[in-house]
Amino acid sequence: MAGVDVELRSFYGGLEVGLGGWLVVAGFRSATQRPALWLSLAAHGGIGTSRSLALLLGRAWTPFFGQALAWETAARRRTGPPAPVPMP
């Protein structure tokens with residue numbers, strides 16, 4: 001399957017690096033911290049949910065999948081939904 005390695009590197013490399021860079025920059029600006037938290041919650045929640053469903057449907061369990069799912073679940077709990085900002 002020619003091109004699979006390019007697709008994997010670009011998606012799992014480029015997308016992750018781009019999102020990570022934006023999240024680092026957004027974390028230092030108060031105006032973008034809340035959107036950054038929501039992005040982190042949505043990304044980890046989506047990956048964890050889809051990984052769980054794929055494991056249930058495919059029944060292909062490996063230790064890596066368990067570790068990745070634990071990481072995604074912990075990241076989702078650490079991020080949580082952002083706390084409401086009190087109105088002045």
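## A walk through a three-helix model

Start by selecting Thr73, which sits in helix α3, spanning residues 63-79. Helices here are DSSP runs of H or I with at least four residues, strands are runs of E with at least two, and both are numbered from the N terminus. Before going on, note that this is a predicted model, in which local features need pLDDT of at least 70, side-chain atom pairs count only at pLDDT 80 or more, and totals for chains, interfaces and linings use all residues. Residues are numbered from 1 along each chain as its sequence is written, and side-chain values use heavy atoms, with hydrogens and water left out.

**Stop 1: helix α3**

Keep Thr73 selected. Its relative accessible area is 21%, so Thr73 is partly exposed; buried means under 20%, exposed over 50%, and partly exposed in between (1.4 Å probe, protein chains only). Now add Thr49: the C-alpha atoms of Thr73 and Thr49 are 9.0 Å apart in space, with their positions 24 residues apart in sequence.

Next, pick Ala70, also in helix α3. Ala70 is partly exposed because its relative accessible area is 45%. Show Gly48 too: the C-alpha atoms of Ala70 and Gly48 are separated by 8.5 Å, although the residues are 22 apart along the chain.

**Stop 2: Thr32 in helix α2**

Move to Thr32, in helix α2, which covers residues 30-58. Is Thr32 buried or exposed? Its relative accessibility is 16%, so Thr32 counts as buried. Turn on the side chain and look for Ala26: a polar atom of the Thr32 side chain lies 2.9 Å from the backbone oxygen of Ala26. Leaving aside neighbours within four places in sequence, Thr32 is in contact (heavy atoms within 4.5 Å) with Trp22 and Ala26.

**Stop 3: a patch on the surface**

Select Phe11, Tyr12, Leu15 and Leu19 together; they make a nonpolar surface patch of about 380 Å². Such patches join nonpolar side chains (Val, Leu, Ile, Met, Phe, Trp, Tyr) within 5 Å, or like charges within 9 Å, using residues with over 30% relative accessible area and no salt bridge, meaning no side-chain nitrogen of Lys or Arg within 4 Å of a carboxyl oxygen of Asp or Glu. Phe11 belongs to helix α1, residues 4-27, and counts as partly exposed because its relative accessibility is 40%.

**Stop 4: zoom out**

Show the whole protein, and you have three helices and zero strands. Of its 88 residues, 17% are buried. The protein exposes about 6,800 Å², with carbon and sulfur atoms supplying 71% of that; accessible areas come from the Shrake-Rupley method with a 1.4 Å probe, and for residues only the protein chains shown count as cover.

Finally, colour by pLDDT, the predictor's confidence in each residue, from 0 to 100. The average is 76, and 78% of the residues score at least 70. Helix α2 has the highest mean among the elements (83) and α3 the lowest (71). Where pLDDT is low, the predicted coordinates should not be read in detail.

Definitions and conventions:
A polar contact is a pair of N or O atoms within 3.5 Å; within protein, one must be able to donate a hydrogen and the other to accept it, and residues adjacent in sequence count only if both atoms are side-chain atoms.
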